[in-house]
Amino acid sequence: MEFELIAKTFMGLEPILAQELTQLGANNVQIGRRMVSFTGNKELMYRANFQLHTAIKILKPISHFKAKSADDVYNEVKKTDWSSYLDNSKTFAVDAVVFSEEFRHSKFVSYKVKDAIVDQFREKTGNRPNISVSNPDLRLHIHIAEDDCTLCLDSSGESLHRRGYRQESVEAPLNEVLAAGMILQTGWKGETDFIDPMCGSGTLLIEAALIARNISPGVFRKEYAFEKWPDFDQDLFDAIYNDDSQEREFTHHIYGYDIDMKCVGKARLNVKAAGLTNDITIEQADFKDFTQPQEKSIMVTNPPYGERISTPDLLGTYRMIGEKLKHAFTGNEAWILSYREECFEQIGLRPSLKVPLYNGSLECEFRKYSIFEGKLKTFRSEGGVVKTEEEKAAMAEKHRFKKNREFKQRLDEQAENAENDIRSFTFHHHKFEEFKKKEKREERGPGREDRYSFRGKDRNDFGDRRQGRDRDTRGRRDDRRDERGGKRFDRYQKPDRKFGSKNHQQYEDD
């Protein structure tokens, strides 16, 4: 029997998730905002949790209703026979997402749902189930948009981006679901080598290996919320879990590099925990030493963009990236996720595709660069394709990005801070007599005309007439250098291959 299901994801990954669901056999696939709705049976629900790379939750709606007040929510929730899902020995928790003028606080909605369930059990049995926020037997989710309410069972439990292979983390790690969505956006399925020259804790590398080998990302998970449901089918889920018939061979290789040896060590631990050491090689190296790979390759990377992680010369880093792509990655594709237009401008290459993606709350861009030798005109005359028809159509879409980006504003603010540095102030020397006259005028207050001119206005405006009170005297910001920038390669960690290719030669110390 088929029923309605909802897969939640991040903004910008909805089309990729819809494609995954279609390939999985879902019916009635419809793209929404940060979600994709579909229909399927119990097996498909299990598979969606276990096999989807770009979903963060799989919800099963059990009730749709209209509510214009808290009492409406309470009464509608109470209409459901909760004995089908719970008993007094079980625990539950309620999560709420609210976009409504009537309901201003999501926790208030959660309390009303909880009260309705608890009161129903008290009336029928005299007892009630308990609440458990950390590890409940049943997780509920209610979504309210104005007066449209959807009450769901949460079949996933902990977010699906928590794969289970991450042993160590770096500062500002890339979310696993976002990493998988980036790779699937490129269309890569393991046909070439894969390179991430700024790999951090190795998330892109591991997600790439899972996609290349078609390994279900849920294989590392310890549990799902649906395993605690009364109708859980253990045999069915065991069959799905142990089915590796769709896995495939991967004949190429995945390379990761990072300038920080601590990141390299953490990434290696994560790769080992995922059981993918045969497919992934991670070494310490600086992107500025990148050389042309001998094998056909794709590069996908997430360089710093000055939010949680930065470098001493952020724009210079992007100039270096552009130079290395142009001169040491010809004949290949590179995909770069970043946040700021000024950073992309420093790369100096024309992207063939721009995809809006959110990294947390930041509206980023995921840009594709087709790297070729010589001039564009010559490349095209020889039959080269920089931008496909699909990419041209995508780039022609209107309102793909926010019009006013923040980076220029922040650069202006930094310039303003520099101007307001006390070292740059111009000090004017006034005569003592002029200063005393001004002080007496302020003590007397406004003249006759001024006393009546502000009638009807905010009296706080009057005080703002005094000069020199709001001068910005913020001090200069520390120019903290990135500790990683000056590190040399450790001799015992010297790579045994040439950076970016399978036939690597040893590095020499600087």
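How many ångströms should the 13 residues of helix 8 span, at 1.5 Å a residue? Let's work that one out together, and then walk around the rest of the protein. Helix 8 covers residues 261-273, and the expected span comes to 18 Å. In the model its end C-alpha atoms sit 19 Å apart, which agrees. Keep in mind that this is a predicted model, so everything I say today is about a prediction.

Okay, let's stay with helix 8 for a bit. Which of its residues are buried? They are Met 261, Cys 263, Val 264, Ala 267, Asn 270 and Val 271. If you're new to helices, here's a handy thing to know: an α-helix makes a turn every 3.6 residues, so residues three or four places apart point the same way. Try that on the list while you turn the structure around. As for what covers those buried residues, that includes helix 6 (203-213), strand 10 (254-258) and strand 11 (280-284).

Now look at the two ends. At the N-terminal end, Asp 260 acts as a cap for helix 8, with a side-chain oxygen 2.9 Å from the backbone nitrogen of Lys 262. After the helix comes Gly 275, and its phi is positive, near 70 degrees.

Let's zoom out. The protein has 510 residues, and 46% of them are buried. Its secondary structure adds up to 16 helices and 15 strands. Take the contacts between residues with a separation of 6 or more: 76% of those join residues 24 or more positions apart.

And how confident is the predictor? The mean pLDDT is 79, and 71% of the residues reach 70 or more. Residues 407-432 are another story, with pLDDT below 50; beyond near neighbours in sequence, that stretch has 27 contacts in the model. Residues 446-510 also stay under 50, and there the model has 102 contacts beyond four places in sequence.

Next up, the sheet. In what order do the 8 strands of the open sheet come? The order is 2-3-1-4-8-7-5-6, and the pairing is mixed. Strand 2 (27-31) and strand 6 are at the edges with a single partner strand each, so one side of each has no neighbour in the sheet. For the newcomers: strands of a sheet pair through backbone hydrogen bonds, and they can do it parallel or antiparallel.

This sheet lets you see both kinds. Strand 1 (residues 3-8) and strand 3 (residues 35-40) run antiparallel, joined by 6 bridges. Find Leu 5 there, and you'll see Phe 38 of strand 3 opposite. For the parallel kind, go to strand 5, residues 91-99, which is joined to strand 6 (residues 130-131) by 2 bridges. In that pairing, Thr 91 has Asn 130 as its bridge partner. Strand 5 also pairs in the parallel sense with strand 7 (residues 138-145), this time over 8 bridges. Val 98 is the residue that stands opposite Ile 144 in strand 7.

On to helix 2, residues 42-51. Of its 10 residues, 8 are buried, so the rest of the structure largely encloses it. Those are Leu 44, Met 45, Tyr 46, Arg 47, Ala 48, Asn 49, Phe 50 and Gln 51. Among the elements covering them are strand 1, strand 3, helix 1 (14-24) and helix 7 (234-241). At the start of helix 2, a side-chain oxygen of Asn 41 comes to within 3.3 Å of the backbone nitrogen of Glu 43.

Before I stop, a few loop residues. Phe 10 is in the loop between strand 1 and helix 1, and is partly exposed at 25% relative accessible area. Which residues does Phe 10 touch, leaving out those up to four places away in sequence? Arg 34, Ile 56, Asn 175, Val 177 and Leu 178. With Leu 178, the C-alpha atoms are 7.4 Å apart, even though 168 residues separate the two in sequence.

Glu 146 sits in the loop between strand 7 and strand 8 (148-154). Glu 146 is not a glycine, yet has a positive phi of about 60 degrees. Asn 214, in the loop between helix 6 and helix 7, also has a positive phi, near 55 degrees. Both are partly exposed: Glu 146 at 47%, Asn 214 at 29%.

Last stop, the cysteines. The disulfide count comes to 0. Cys 149 is buried, with 2% relative accessible area, and Cys 343 is buried too, at 0%. Okay, that's my tour!

Definitions and conventions
Residues are numbered from 1 along each chain as its sequence is written. This is a predicted model: local features need pLDDT of at least 70, side-chain atom pairs count only at pLDDT 80 or more; totals for chains, interfaces and linings use all residues. Side-chain values use heavy atoms; hydrogens and water are left out. Helices (H or I, at least four residues) and strands (E, at least two) are DSSP runs, numbered from the N terminus. The expected span of a helix is 1.5 Å times one less than its number of residues. Buried means under 20% relative accessible area, exposed over 50%, partly exposed in between (1.4 Å probe, protein chains only). Contact means heavy atoms within 4.5 Å. A polar contact is a pair of N or O atoms within 3.5 Å; within protein, one must be able to donate a hydrogen and the other to accept it, and residues adjacent in sequence count only if both atoms are side-chain atoms. A disulfide is a pair of cysteine sulfur atoms within 2.5 Å. Two strands pair if DSSP finds at least two bridges between them. pLDDT is the predictor's confidence in each residue, from 0 to 100.
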